[in-house]
Amino acid sequence: MADSPSTSSGQWASIVTDYSADQAVFRISSNKAMMWLFLLSDIFVFGCFLTGYMAVRMTTTTPWPIPSEVFALTIGGQSIPLILIAIMTFILITSSGTMAMAVNAGYQRKRRLTALLMVITALFGLSFVGMQAFEWTKLIEDGVRPWGNEAGAAQFGASFFMITGFHGLHVSIGVLYLLIVAAKVWRGNYERSGNYEIVEIAGLYWHFVDLVWVFIFAFFYLW
């Protein structure tokens, strides 16, 4: 049986009241919602970058460098392909685990453990950035530039430095973000309210950065 006009008007009035009263209609805080919107915009940016990379990779007529050769390291006289990239990937995946543990500890109001796990996560991120700087240095020494490449297609250097650099910037910002939040948690800024949602919001950003790296790893280093 259809709702009467009075019932329908009452439902709409309730919705208008919720919005005008600034209530969380969808049971999600404004801070978390804004982080999701930011991450959604970043998905579009990285998606455009990776789509452009695929288009360039498939249409260029110049031979594309072989990743297993370009990203190999010589250790003990043996050339080991992708060893540095494998370590970097392992570090980021591990950092996602420590970040998840920090979020869980935060909701249990274990203040010091939360801060410690966030600092460990930030240190993982910092080591990742350091390894990426080493990787860039090695490629530059081998003649790879954003505007050219002595070993093949010039587009390789442009796309590599742009995409990995943009991701590295996100990791660097994430490290700073985690350290700031960890310091505030350690000082007990959220102890009175008992609301550690900021830790979860920081975790959303960090998990996103890690997920993007999985796609970069697949496109650049395995393709």
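A residue counts as buried when its relative accessible area is under 20%, and K32, with a relative accessible area of 15%, is therefore buried. The structure in which K32 sits is a predicted model, and its chain contains seven helices and four strands. Three salt bridges are found in a search of the whole structure, and K32, E197 and E200 are linked in a network of such bridges. The points below begin with the chain as a whole and then turn to helix 2, its partners and some individual residues.

**The chain as a whole**

- Read from the N terminus, the order of the elements is α-α-α-β-β-α-α-β-β-α-α, which accounts for the seven helices and four strands of the chain.
- The chain has 223 residues, of which 38% count as buried, while the area that the chain exposes comes to about 12500 Å², with 68% of it supplied by carbon and sulfur atoms.
- When contacts in the chain between residues at least 6 apart in sequence are considered, 74% of them join residues that are at least 24 apart.

**Helix 2: span, buried side and surface patch**

- Helix 2 covers residues 30-59, and because its 30 residues at 1.5 Å a residue should span 44 Å, the separation of 44 Å between its end C-alpha atoms agrees with expectation.
- The buried residues in helix 2 are K32, M35, L39, D42, F46, L50, Y53 and R57, and these buried residues pack against helix 6 and against helix 7, the latter covering residues 197-222.
- An α-helix has 3.6 residues a turn, so residues three or four places apart point the same way. Among the buried positions of helix 2 are M35, L39, D42 and F46, which can be read with that periodicity in mind.
- L37, which also lies in helix 2, belongs to a nonpolar surface patch of about 530 Å² that M34, L37, L40, I43 and F44 make together.

**The salt-bridge network around K32**

- K32 forms a salt bridge with E197, in which the closest N and O atoms are 3.9 Å apart. Because E197 lies in helix 7 and K32 in helix 2, this pair ties together parts of the chain that are 165 residues apart in sequence.
- Both partners in that bridge, E197 and K32, are buried.
- A salt bridge also joins the side chains of K32 and E200, at 3.2 Å from N to O. This pair links distant parts of the chain, with K32 in helix 2 and E200 in helix 7, 168 residues apart.
- E200 counts as partly exposed because its relative accessibility is 21%, whereas K32 is buried at 15%.

**The K138–D142 salt bridge**

- The side chains of K138 and D142 also meet in a salt bridge, with a distance of 3.3 Å from N to O.
- K138 has a relative accessibility of 22% and so counts as partly exposed, and D142, at 42%, likewise counts as partly exposed.

**H170 in helix 6**

- H170 is found in helix 6, which covers residues 154-187, and because its relative accessibility is 7%, H170 counts as buried.
- The side chain of H170 makes a polar contact of 2.4 Å with the side chain of D42, a residue that is listed among the buried positions of helix 2.
- Leaving out residues up to four places away in sequence, H170 touches D42, F46, Y205 and V209. Of these, D42 and F46 are buried residues of helix 2.

**A154 and I120**

- A154 lies in helix 6 and, with a relative accessibility of 35%, counts as partly exposed.
- Apart from neighbours within four places in sequence, A154 is in contact with W147, G148 and N149, and the C-alpha atoms of A154 and V144, which are 10 residues apart in sequence, are 8.3 Å apart in space.
- I120 is found in helix 5, which covers residues 111-141, and its relative accessible area of 30% makes I120 partly exposed.
- I120 and T98 are 22 residues apart along the chain, and their C-alpha atoms are separated by 7.3 Å.

How values were computed. Residues numbered from 1 in each chain as written. Predicted model: local features only at pLDDT ≥ 70, side-chain atom pairs only at ≥ 80, totals over all residues. Heavy atoms only, no water. Patch = residues over 30% accessible without salt bridge, like charges linked within 9 Å, V, L, I, M, F, W, Y side chains within 5 Å. Areas by Shrake-Rupley, 256 points an atom, 1.4 Å probe, with all protein chains shown as cover. Salt bridge = Lys/Arg side-chain N within 4 Å of Asp/Glu carboxyl O. Helix = DSSP H or I, 4+ residues; strand = E, 2+ residues; numbered from the N terminus. Buried < 20%, exposed > 50% of the residue type's maximum accessible area, 1.4 Å probe, protein only. Contact = heavy atoms within 4.5 Å. Polar contact = N/O pair within 3.5 Å; in protein donor to acceptor, adjacent residues only side chain to side chain. Expected span 1.5 Å × (residues − 1).
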